[in-house]
Amino acid sequence: MKDALRLRPGTPDDFPAIVDLLDTVFHEELVPEHREASAAVFEAERSLVVEDAGAVVAHTNIHSRDFTVPGAIVPAAHVTGVGVLPTHRRQGLMTRMMHRQLRDVAEAGREPIAVLWASETKIYPRFGYGAASARLSFSIMNREVRLPAPPAEPAGQLRMGDPHDLLPAISKVYEQLRPGQVGWSSRDERWWRTVLTDPKDDRDGATKRWAVVHEGSGGPTGYAMWRVKDGWNDYGSNAEVQVREVAAADPETYLALWRFLLGIDLSRSVIMRLASVDEPLQYLVDEPRRLGPALLDGLWVRIVDLPGALAARRYAAPVDVVLDVTDPLLEQNTGRWRLTGGPDGATCERTTDPADLACTVTELGAAYLGATSLAALAAAGRVRQLTGNDPAVAFGWHRMPSPAEVF
Ligand SMILES: CC(C)(COP(=O)(O)OP(=O)(O)OC[C@H]1O[C@@H](n2cnc3c(N)ncnc32)[C@H](O)[C@@H]1OP(=O)(O)O)[C@@H](O)C(=O)NCCC(=O)NCCS
């Protein structure tokens with residue numbers, strides 16, 4: 001790095017310059033409502049900036065949130081806001097920041113993993129992040145798919161309104177479901193405010209966001225959020241329903257919510273960008289092809305504290321395996337580790353025993369949420385299975401991750 005450039009932790013005073021930088025690199029202009037919400041969740045002491053002659057030219061930040069992994073909730077460094085001014089690119093500034101950030105997270109010792117969404121999939125594997133959860137993006141021809149009829153005696157009823165008014169019910173459902181939803185991040189009051197921020201300038205001609213809550217005799221059992229983009233053509237209305245989140249505690253609620261969303265009058269299509277790869281909707285409709293599913297990458301996971309991370313999650317089957325892991329950035333992860341455990345918990349300790357499987361920390365991150373198969377990575381030559389003791393089944397999970405938001 002040139003002498004004039006200084007990498008340092010951010011301060012609250014840096015916030016306006018950081019927003020300007022991120023506006024520039026992401027080709028946007030944060031509207032005041034989003035700026036306020038971002039300020040409320042900004043953790044200055046966890047941010048890093050690079051200064052050039054007093055100006056902020058590069059930045060990254062971490063949000064401290066809990067995160068659901070297979071069978072457990074762990075603290076995770078939610079990495080975000082990675083940007084370098086066009087004038088300062090390809091000089092290694094991001095690399096410097098990512099290295100420092102990972103070392104800081106490891107030294108703090110609180111979070112066994114870091115997670116992020118990538119603007120481009122090439123960027124993060126070099127820092128040990130693995131593509132840990134694919135997702136489906138649906139573009140549904142809603143007039144061409146049919147759902148089962150509702151039960152003769154519905155288990156509950158739907159209440160529609162502004163998400164802010166329905167937040168007590170929505171957040172209750174979210175908290176109830178969170179422990180079982182791999183890929184969900186904790187949402188305190190500030191995060192709910194961020195998630196629900198809905199400035200008019202940001203709607204691209206669509207309506208405000210709406211919510212519907214499903215309520216049974218014992219309280220709320222699910223919710224959905226969406227907006228509608230109006231449109232007319234020679235055939236009449238051509239409106240598009242843009243679904244944001246669908247959460248349901250039971251199959252009756254799930255069916256009721258999707259019957260509602262697919263049946264909104266005057267609409268001809270429904271899109272949902274964050275569906276899980278095993279989204280149950282695929283197994284409910286009579287013509288799944290008309291859901292228009294596209295497979296995209298989702299969350300990226302970086303194992304920061306290898307024994308801590310591997311012992312924190314649960315495994316789908318009993319496992320007793322020696323992993324030979326290479327981590328060029330966090331050397332303390334490099335070496336042979338015996339992982340012993342199963343559905344009820346696990347331990348992970350250093351060993352000198354011969355290894356069953358060899359990989360880098362990137363592949364372990366990819367497999368961590370149970371969605372990317374170690375066996376598939378081995379077939380791609382990215383993992384070396386050295387003995388017949390293959391942990392791929394144990395590393396899987398009974399449901400695919402279902403990230404609720406892009407942070
Ligand atoms: C992505 C970004 C932060 C990279 O910053 P940078 O300081 O130029 O990155 P570095 O100089 O440290 O590059 C490190 C390596 O990654 C590669 N790389 C960086 N950005 C890349 C990209 N967008 N696509 C592919 N490769 C990229 C570089 O070519 C370099 O590889 P090399 O060492 O083999 O030459 C910067 O281009 C940017 O701000 N882009 C727009 C915003 C964005 O997409 N941010 C990421 C949000 S998740």
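Q: Which domains does the domain assignment give for this chain?
A: Keep in mind that you're looking at a predicted model. The assignment splits the chain into domain 1 (5-133), domain 2 (136-296) and domain 3 (306-395).

Q: How far apart do the C-alpha centres of domain 1 and domain 2 lie, and how many residues of domain 1 are in contact with domain 2?
A: The two centres are 30 Å apart. Where the domains meet, 15 residues of domain 1 are in contact with 16 residues of domain 2.

Q: Which elements supply the side of domain 1 that touches domain 2?
A: Look at helix H2 (32-41), strand E3 (55-69) and strand E4 (72-84): each of them supplies at least two residues of that side. Sorted by class, this side of domain 1 has 8 nonpolar, 4 polar and 3 charged residues.

Q: Now for the sheet: in what order do the 7 strands come?
A: The general idea is that strands of a sheet pair through backbone hydrogen bonds, either parallel or antiparallel. Here, the order is E8-E9-E10-E13-E14-E7-E15, in an open sheet with mixed pairing.

Q: Which strands stand at the edges?
A: Those are strand E8 (156-161) and strand E15 (294-297). Each has a single partner strand, so one side of each has no neighbour in the sheet. As you step from one strand to the next, the twist averages 25°.

Q: In which sense do strand E7 and E15 pair, parallel or antiparallel?
A: Antiparallel: E7 (residues 134-140) and E15 pair over 4 bridges. To find one of the spots, take Ala 134, whose bridge partner in E15 is Asp 297.

Q: Which helix packs on the sheet, and what does it touch?
A: Helix H6 (residues 251-262) does, touching E7, E8, E9, E10, E13 and strand E14 (267-275). The direction of H6 makes about 20° with that of E10. Then there's helix H4 (residues 167-177), which lies across strand E9 (210-216), strand E10 (219-229) and strand E13 (239-248). H4 runs at about 115° to E10.

Q: Which residues touch the most other members of the largest nonpolar core?
A: That core has 66 residues, and the ones to pick out are Ile 113, Ala 114, Val 115, Val 301, Ile 303 and Tyr 368. Domain 1 (5-133) and domain 3 (306-395) each give the core at least three residues.

Q: What is Ile 303 in contact with, leaving aside its neighbours within four places in sequence?
A: Its contacts are Ile 113, Ala 309, Asn 333, Val 361, Leu 364, Gly 365 and Tyr 368. Apart from the largest core lies another one, of 34 residues, including Met 225, Ala 247, Tyr 254 and Ala 256.

Key: Residues are numbered from 1 along each chain as its sequence is written. This is a predicted model: local features need pLDDT of at least 70, side-chain atom pairs count only at pLDDT 80 or more; totals for chains, interfaces and linings use all residues. Domain bounds come from an automatic or database domain assignment. Two residues are in contact if their C-beta atoms, placed from the backbone, lie within 7 Å. Ala, Val, Leu, Ile, Met, Phe, Trp, Tyr, Cys and Pro count as nonpolar, Asp, Glu, Lys and Arg as charged, and the others, Gly among them, as polar. Two strands pair if DSSP finds at least two bridges between them. Axes are lines fitted to C-alpha atoms, for helices over the stretch in contact, and angles run from 0 to 180 degrees between N-to-C directions. A nonpolar core is a set of buried Ala, Val, Leu, Ile, Met, Phe, Trp, Tyr and Cys residues joined through C-beta atoms within 7 Å. A residue is buried if 20 or more other C-beta atoms lie within 10 Å of its own, exposed if 12 or fewer, and partly exposed in between; C-beta atoms are placed from the backbone.
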